[in-house]
Amino acid sequence: MQRRIEELDALRGLMLVWITGTHLPTILSTYMNQPFGFFAATEGFIFLSALFTGRIYFRIAERDGYGAMCRKLWMRTGKLYCYQLLLLAFAFVIEAPIAAHGNRPAVHNLLDFYFAAGRSRAFIDASLMVYRPPLLDILPIYIILLALTPFALMLGTRFGWKYAFTGGLTLWLLAQFGFRSFAYHVETHALGLQIPLNEMGAFDLWAWQLWWLVGLWLGVRWAKDNLRLDWAKQMTIPAAIAAFLFLVLRYAQVAGVITFGKSGLLLDKWDFGVGRMIDFTAVAILAIRFRSALSSLAIRPLMMLGQASLPVFCVHLLCVFFALTIMKNDPIIGGWKAIVVILASLSALLLTAKIATNRRAKAGGNDAAGPKLQTPPCAGCEPGLATEKIA
């Protein structure tokens, strides 16, 4: 008999709530922006997506061949790309005219390049994922990583993961020393790009690919029933110390007690500094060690959000755009308006998840079922093939 890993569904749902609270322009954003140290929900969401992608599509490759795996992955990538186009259409067709004819500086600032370059060029560049407006810049990173995943899986499983990690680690190291700027200047001269670097998204793909690669590798090991987590017990004390130190540093920075200067690059979100990896890993070790405590998260609303993560993520962006629109010239939405915006946004996310769950149930699919394992669950091994679609 099989049982869902409900905690993982709920954890992804919690991250979506976390991301929404961070992006909404309310006082809640102040408290939900990296509250546990130098990492955000983005790291966890990308990591879990990579973990399940590696696990699920490696099993497909074993069962149906690498050709079938590539087709399914690229079909998934195409679906994500269509979602991105719809979000761009909403931003350019609906939000841009509102920002152009009213006092909505927050929305206008998000679409600076659109107004400077014009509608046609902005949409073409955005469709090519060269122009990545703020808030709409993480999904293109995800699309590119997903499109390249078949090559990473084939390289890792056929020739050895040491070669994949050698390349991934090299690119990450180069990213820490400004490789993105170098690549931008090369592309500008070779391809004639006419777009500022800051309009190409805040996230550095050259750095974030390593985090995706780590997730893929662990997902493949999970699929092979070779993901043992007993070592987490031995690392509990070092992980707790590291997590506590990063937490103290984070709030000392918020309070203005300390500034990091150039060393802040080690904790930089956009370039994915090494400090963020250490902090996230330490907290993850504690979560694995005290996994039973996560069972309290496995409530139905969070599970539904996690199972429908792609449409929920897209709807959260629509909610944020709406909030920025009604904010007008105010620096933040406060008072009763903030309460209404937060409650309305969470309701929209839940409604989206409910609709997606019902549609999958009517279609007779199992992709809402989430990752499964044999009962009782072992500490990190998974013998069966999960059918959950990764968002």
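**Exercise 1. L24 and its surroundings**

In which loop does L24 lie? Work out its burial and its partners too.

*Before you start.* This is a predicted model, so the ground rules matter: local features need pLDDT of at least 70, side-chain atom pairs count only at pLDDT 80 or more, and totals for chains, interfaces and linings use all residues. Residues are numbered from 1 along each chain as its sequence is written, and side-chain values use heavy atoms, with hydrogens and water left out.

*Step 1.* Find the loop: L24 sits between α1 (6-23) and α2 (27-32). Helices here are DSSP runs (H or I, at least four residues), numbered from the N terminus.

*Step 2.* Check burial. L24 has a relative accessible area of 3%, so it is buried. The cut-offs are under 20% for buried, over 50% for exposed and partly exposed in between, with a 1.4 Å probe and protein chains only.

*Step 3.* List the partners. Setting aside residues up to four places away in sequence, L24 touches S29, C319, V320, A323, V341, I342 and S345. Contact means heavy atoms within 4.5 Å.

*Step 4.* Look at S345 again: it is 321 residues from L24 along the chain, yet the two C-alpha atoms are separated by 8.9 Å.

**Exercise 2. Two helix pairs**

Describe how α1 packs on α16, then do the α3 and α4 pair.

*Step 1.* Know what to report: two packed helices are described by the angle between their axes and the distance between the axes. The axes are lines fitted to C-alpha atoms, for helices over the stretch in contact, and angles run from 0 to 180 degrees between N-to-C directions.

*Step 2.* Take α1 and helix α16 (residues 309-327): the angle is about 15 degrees and the axes are 10 Å apart. That makes α1 roughly parallel to α16. The scale goes like this: under 35 degrees is roughly parallel, over 145 roughly antiparallel, 65 to 115 roughly perpendicular, and the rest oblique.

*Step 3.* Give the handedness: α1 and α16 cross in a right-handed way. A crossing is right-handed if the near helix is turned clockwise from the far one by less than a right angle, and left-handed if anticlockwise.

*Step 4.* Name the residues. From α1 come R12, L16, I19, T20 and H23, and from α16 come S309, V312, F313, H316 and V320. Sorted by class, the contact of α1 with α16 has five nonpolar, four polar and one charged residues. For the sorting, Ala, Val, Leu, Ile, Met, Phe, Trp, Tyr, Cys and Pro are nonpolar, Asp, Glu, Lys and Arg are charged, and the others, Gly among them, are polar.

*Step 5.* Now the other pair. Helix α3 (residues 41-64) and helix α4 (residues 66-100) pack at about 140 degrees, with axes 6 Å apart. α3 and α4 are therefore oblique to each other.

*Step 6.* On the α3 side you'll find T53, Y57, I60, A61 and D64, which meet Y66, A68, M69, K72, L73 and R76 in α4. The residues of the α3 contact with α4 split into seven nonpolar, one polar and three charged.

**Exercise 3. Q209 in its helix**

Which backbone oxygen lies 2.7 Å from a polar atom of the Q209 side chain?

*Step 1.* Place the residue: Q209 belongs to helix α11 (residues 205-223). Its relative accessible area is 14%, so Q209 is buried.

*Step 2.* Scan the neighbours. Leaving out residues up to four places away in sequence, Q209 touches L145, G168, L171 and W172.

*Step 3.* Pick out the oxygen: it's the backbone oxygen of G168.

**Exercise 4. Positive phi values**

What are the phi values of Q34 and L135?

*Step 1.* Recall the background: most residues other than glycine have a negative phi.

*Step 2.* Read off the values. Q34 has a positive phi near 55 degrees, and L135 has a positive phi near 75 degrees.

*Step 3.* Locate both. Q34 is in the loop between α2 and α3, while L135 is in the loop between α7 (119-127) and α8 (138-159).

*Step 4.* Check burial: Q34 counts as buried at 10% relative accessibility, and L135 is buried at 17%.

**Exercise 5. Helix α15**

How many of the eight residues of helix α15 (residues 300-307) are buried?

*Step 1.* List them: L302, M303, M304, L305, G306 and Q307 are the buried ones in α15.

*Step 2.* That is six of the eight, so α15 is largely enclosed by the rest of the structure.

Conventions. Helices (H or I, at least four residues) and strands (E, at least two) are DSSP runs, numbered from the N terminus. A polar contact is a pair of N or O atoms within 3.5 Å; within protein, one must be able to donate a hydrogen and the other to accept it, and residues adjacent in sequence count only if both atoms are side-chain atoms.
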